[in-house]
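User: I'm new to reading protein models and would like a close look at one part of this one. Could you pick a strand, tell me what sits around it, and then carry on to other parts of the chain?

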Amino acid sequence: MTLLQVPLSVISGLINLFTSTGLWTGSGVDYNATCQEIAASVSSASNVYYYGSPQFGNDTANWSFTNSQNSTCSFEPANAQDVGIALQILGVNRTPFGVKGGGHSPNPGFSSTLGVQIAMRLFSEVVYDQNAQTVTFGMGLVWEDVYSALLQYNVTVVGGRSFGVGVGGFVLGGGYSFISNEYGLSVDNIVSLELVLPNGQVTNVTKSSNPGLFYALRGGFNNFGIVATVTMKAHPQSEVWGGLISYAEAEWDAFNNATVNMVSTVTDPKAAVYISTDYVIGEPTVITAILFYDGPNPGDIYDDFLAIPSIEQNISTRTFVSLAETIPLIPSLRIVTFWVAVEEFTLPMLVMIQNQTVFYGNLLLESSAVLISYDLVPLLPSLYNHSEAPSAFPSLRGPDQGHSFIEIIYGWTNESYDEVMLQAGTESAAYMKQFAVDAGQNVSNALQYPNAAAPGTPLVDMYSQVALDKLGLIRIATDPSDVMGLAGGWKF
């Protein structure tokens, strides 16, 4: 039998087999050879794993199935020097790679790869410096690891709200927190970053040692090397008040009124609320709020919410970790997210969001949708006033940037509906932004949050053109061989 006589399905199956195992890549690059070279070159403290080993499965698993690929191998570096060795090999061989901390990005290819999956799991130390009032921690952690380690010191850092979210992408992309009204974004609280440059060198980046890289790394992700550890400001953390409270659809009007009353009257930076309107397939629409006060007693701030009959309530004075544990985790699905900046949540806007939740929940029912969620995060106008140095994101901090936001999260199971979900979410986000603009809110030029922007979002929609020009020059100077271009993510 000649090659021409072999059924196409057999040829296709062989190509898929060879591709998934790294034996053939279609690019002329032998990914397996790169894996072997890394294994032979790094210290004995670091490890390379292959398909079939439990650690390989952990290293390549991602929260969202839309960001999952069959890597040829996974590499767990134990120190920054071994990261540098791997980067040099990857650059010379032109082998694609992914960098994974918590693996929480839903965008395809952002922390996954067909080549070498670098898993930062071993960068897991948390060090509190009482004299400097800083915390240094590794990029392999998730936020519950950091918060739990700091409990004994009664301090915290500006980090993620939900458990399961990795610290790396969150910190390097901006970082909105329960305590952002008090202290700003995560990027505003970075003191220094241990960076492995694309040429393999390890350097400590601070505002004074390298202002350009310090600017670029704070919001610029993995375009300039791989960050191994970050040092952030520590903030006092006493007991907090709050937790989860949820309501049936019949209470939507009362809930909207309570929300409007809070956002229009409360200016205490210790107070925060995280609202989610969820259309879950097979379940009634549910409104959920995470009430948060950075102290043991919020006074009467949340009385309107507590007066509404609820279907679930888990609210008390507790530790920060205990409160975060009440936040429901979104299961692993195919996920896409969208971002809409707003100045204020008015009653007409809340009704509009209510209608969007129900409309798209019903519309996408036959497209394997499991979760249609619209999350509302009201923040104070002073949000962007906490930075001591410019950052890549937010590159603009004026009053036209909308200090509050809506995050849309769609979850589904069948990949054949990927484009349907992307299109529906894009339409909904555009409609909500135009609604805000038509209502007189100054957000027509507001930049999107890179950590929540949908795949394919133009860079200029997340970074100003001035910022993009500056970031491009820093990237060329830092990575002239475009080693980091071999990894996924937003690329300047």
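Analyst: Let's start with strand 8, residues 190-196, and strand 10: they pair in the antiparallel sense, with six bridges between them. For one rung of that ladder, find Leu195, whose bridge partner in strand 10 is Val227. Keep in mind that you're looking at a predicted model.

Strand 10 has another partner too. Strand 6 (residues 134-138) pairs with strand 10, again in the antiparallel sense, over five bridges. Here you can spot Thr134, which stands opposite Lys233 of strand 10. What holds such partners together? Strands of a sheet pair through backbone hydrogen bonds, and they can do so either parallel or antiparallel.

Is strand 10 largely enclosed or not? Strand 10 covers residues 226-233, and seven of its eight residues are buried, so the rest of the structure largely encloses the strand. For that count, buried means under 20% relative accessible area.

Now for a sheet elsewhere in the chain. Seven strands make up an open sheet, and reading across it you get the order 15-12-14-13-17-18-16, with antiparallel pairing. Its edge strands are strand 15 (312-318) and strand 16, and each of these pairs on one side only. From one strand to the next, the twist of this sheet averages 15 degrees.

Zoom in on the edge made by strand 16. Strand 16 runs antiparallel to strand 18 (residues 404-412), and nine bridges join the two. Arg334 is a handy marker here, since Arg334 stands opposite Trp412 in strand 18. While you're tracing a strand like this, remember a general habit: in a regular strand the side chains alternate between the two faces of the sheet.

Strand 16 (334-342) also leads us to a pocket. Strand 16 and helix 13 (418-438) each supply at least two residues to the lining of the second largest pocket. Helix 13 gives the largest share of that lining, five residues. The space in this pocket comes to about 390 Å³. There are 22 lining residues, and the closest to the pocket centre are Trp339, Ala429, Gln448, Thr457 and Asp461. Sorted by class, the lining has 14 nonpolar, six polar and two charged residues.

Helix 13 is also the place to look for Phe435. With 24% relative accessibility, Phe435 counts as partly exposed. To get a feel for distance, compare Phe435 with Asn314: they are 121 residues apart along the chain, and their C-alpha atoms are separated by 34 Å.

Trp339 turns up again when we go looking for enclosed spaces. The structure holds three cavities of 30 Å³ or more, and the largest of these has a volume of about 60 Å³. Trp339 helps line that largest cavity, and the other lining residues include Tyr176, Tyr384, Phe393 and Leu447. By class, this lining has eight nonpolar residues, two polar ones and no charged ones.

Let's finish towards the start of the chain, with another open sheet. This one has four strands in the order 1-2-4-3, and the pairing is mixed. Strand 1 (47-49) and strand 3 (97-100) are the edges, each pairing on one side only. The twist from one strand to the next averages 20 degrees here. Strand 1 pairs with strand 2 in the antiparallel sense over three bridges, and Asn47 stands opposite Glu76 in strand 2.

Strand 2 has a covalent-looking feature worth finding on screen: what do Cys35 and Cys73 form? They form a disulfide, with their sulfur atoms 2.0 Å apart. The torsion about the S-S bond is about -95 degrees, so this disulfide is left-handed. Cys35 lies in helix 2 (residues 31-41) while Cys73 is in strand 2, so the pair ties together parts that are 38 residues apart in sequence. A search of the whole structure finds one disulfide. Cys35, at 0% relative accessibility, counts as buried, and so does Cys73, at 1%.

Just before strand 2 comes a loop. It runs between helix 3 (54-60) and strand 2 (73-76), and Ala61 lies in it. Ala61 counts as partly exposed, with 42% relative accessibility. Gly103 is 42 residues away from Ala61 along the chain, yet their C-alpha atoms are separated by 7.2 Å.

Definitions and conventions:
Residues are numbered from 1 along each chain as its sequence is written. This is a predicted model: local features need pLDDT of at least 70, side-chain atom pairs count only at pLDDT 80 or more; totals for chains, interfaces and linings use all residues. Side-chain values use heavy atoms; hydrogens and water are left out. Buried means under 20% relative accessible area, exposed over 50%, partly exposed in between (1.4 Å probe, protein chains only). On a 1 Å grid over the protein atoms alone, a cavity is a set of points where a 1.4 Å probe fits but cannot get out, and a pocket is an open set with protein on both sides within 12 Å along at least five of seven lines; lining residues have an atom within 4 Å of a point. Grid points are joined across faces, edges and corners, and a volume is the space filled by probe spheres set on the points. Ala, Val, Leu, Ile, Met, Phe, Trp, Tyr, Cys and Pro count as nonpolar, Asp, Glu, Lys and Arg as charged, and the others, Gly among them, as polar. A disulfide is a pair of cysteine sulfur atoms within 2.5 Å. Two strands pair if DSSP finds at least two bridges between them. Axes are lines fitted to C-alpha atoms, for helices over the stretch in contact, and angles run from 0 to 180 degrees between N-to-C directions.
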